[in-house]
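Work through the exercises below with the sequence and the model open. Each task is followed by a solution in steps.

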Amino acid sequence: MGMGLRNGFLLILSCVVTLSLSVWGRPATFLEDFRITWSDSHIRQIDGGRAIQLVLDQNSGCGFASKRQYLFGRVSMKIKLIPGDSAGTVTAFYMNSDTDAVRDELDFEFLGNRTGQPYTVQTNIYAHGKGDREQRVNLWFNPAADFHTYSIMWNHHQIVFYVDEVPIRVYKNNEARNIPYLKLQPMGVYSTLWEADDWATRGGLEKIDWTKAPFLAYYKDFDIEGCPVPGPANCATNSRNWWEGTAYQALNAMEAKRYRWVRMNHMIYDYCTDKSRYPVTPPECMSII
């Protein structure tokens, strides 16, 4: 990656924490840094816990979460999605403040498909309890054929969703225009696999085919770099954290070109242009990059 003061390791299913200007990492199995939140019988450890398999069947889905919360930084994971007919399933990777009244959340949701149809990734952003900011992109590759990297970069200037280092969504800090931004609440890292055939595929028209169960998704190479909470009080405000550097305050020229390519060729839904839901364009949509 070559970002900031990293120790050079990419640790499979491990947590690399950047605290102020000190960095350390350690090899870890899944259960050392993550906890199962739902149906431990449906999460299987592979290769000594350095990778995992999530299982969805008629009995249950499953989910897991990081043991710590973070305020700013970068989180990524490699995922191999459900192959074949996955209609009605949702595989999610997201950050959540785990607060009831005023929730902050950043979502990747991978919406299952009928065999031969493109996989759709839906992103959503909750800021100060307000969500309903969905965007959908058809992936330009088969995400079930191999592992691909999905990342969220979060700093004081912008939030960027990446697919294999290609930005597919940008949410800028426009607090100067009274637009809420995520900067006060730490968030944990979560992932779930569940059945949602009332909405996931073609708006619920395509139902899950349980004869294709069990549905399997695979995860590895967790990489979390950020300010843990609880942790050093000055970490989140330290401008010397690598993710706060000038290179990460806006998309560079190549990233901006790729972002425009995604929006022009692969975006299939954007709440910003949905006049049936928003007759008046939401203010944050006035600043795309």
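**Exercise 1.** Which residue forms a salt bridge with Arg-103, and how far apart are the closest N and O atoms? Then classify both partners as buried, partly exposed or exposed.

Solution. The model is predicted, and side-chain atom pairs count in it only at pLDDT 80 or more.
- Step 1: the partner of Arg-103 is Glu-105, with 2.8 Å between the closest N and O atoms.
- Step 2: the relative accessibility of Arg-103 is 27%, so Arg-103 counts as partly exposed.
- Step 3: Glu-105 has a relative accessible area of 7% and is therefore buried.

**Exercise 2.** Find the salt-bridge partner of Lys-212, and classify both residues in the same manner.

Solution.
- Step 1: Lys-212 pairs with Asp-209, and their closest N and O atoms lie 2.8 Å apart.
- Step 2: Lys-212 is partly exposed because its relative accessibility is 42%.
- Step 3: Asp-209, at 22%, also counts as partly exposed, because the class of buried residues ends under 20%.

**Exercise 3.** How many salt bridges does a search of the whole structure find? Examine the one between Arg-74 and Asp-223.

Solution.
- Step 1: the search finds twelve salt bridges.
- Step 2: in one of them, the side chains of Arg-74 and Asp-223 meet at 3.9 Å, N to O. This pair links distant parts of the chain, with Arg-74 in strand 6 (residues 62–80) and Asp-223 in strand 15 (residues 215–229), 149 residues apart.
- Step 3: both Arg-74 and Asp-223 are buried.

**Exercise 4.** Why is strand 7 (residues 89–96) described as largely enclosed by the rest of the structure? Go on to name the strands that pair with strand 7.

Solution.
- Step 1: eight of the eight residues of strand 7 are buried, so the strand is largely enclosed by the rest of the structure.
- Step 2: Thr-89, Thr-91, Phe-93 and Met-95 point one way, while Val-90, Ala-92, Tyr-94 and Asn-96 point the other way.
- Step 3: strand 14 (residues 187–195) runs antiparallel to strand 7 and is joined to it by eight bridges. In these two strands Met-95 is the bridge partner of Val-189, and Ala-92 that of Thr-192.
- Step 4: strand 8 (residues 105–111) is also antiparallel to strand 7, with seven bridges between them. Here Phe-110 stands opposite Thr-91.

**Exercise 5.** How many bridges join strand 6 to strand 14? Say also what strand 6 gives to the largest nonpolar core.

Solution.
- Step 1: six bridges join strand 6 to strand 14, and the two run antiparallel. Tyr-70 stands opposite Met-187 there.
- Step 2: seven of the nine residues of strand 14 are buried, so strand 14 too is largely enclosed by the rest of the structure.
- Step 3: the largest nonpolar core has 63 residues, of which Phe-108 and Tyr-150 touch the most other members. Strand 6 gives the most to this core, with eight residues.

**Exercise 6.** What feature does UniProt place at Asn-113, and is Asn-113 buried or exposed?

Solution.
- Step 1: the unreviewed UniProt entry places the feature "glycosylation site" at Asn-113.
- Step 2: Asn-113 is in the loop between strand 8 and strand 9 (120–126).
- Step 3: Asn-113 counts as buried because its relative accessibility is 7%.
- Step 4: leaving aside neighbours within four places in sequence, the residues in contact with Asn-113 include Gly-84, Asp-85, Pro-118 and Thr-201.

Definitions and conventions: Residues are numbered from 1 along each chain as its sequence is written. This is a predicted model: local features need pLDDT of at least 70, side-chain atom pairs count only at pLDDT 80 or more; totals for chains, interfaces and linings use all residues. Side-chain values use heavy atoms; hydrogens and water are left out. A salt bridge is a side-chain nitrogen of Lys or Arg within 4 Å of a carboxyl oxygen of Asp or Glu. Helices (H or I, at least four residues) and strands (E, at least two) are DSSP runs, numbered from the N terminus. Buried means under 20% relative accessible area, exposed over 50%, partly exposed in between (1.4 Å probe, protein chains only). A nonpolar core is a set of buried Ala, Val, Leu, Ile, Met, Phe, Trp, Tyr and Cys residues joined through side-chain atoms within 4.5 Å. Two strands pair if DSSP finds at least two bridges between them. UniProt positions are given in the numbering used here, feature names are shortened, and annotations may be inferred rather than shown by experiment. Contact means heavy atoms within 4.5 Å.
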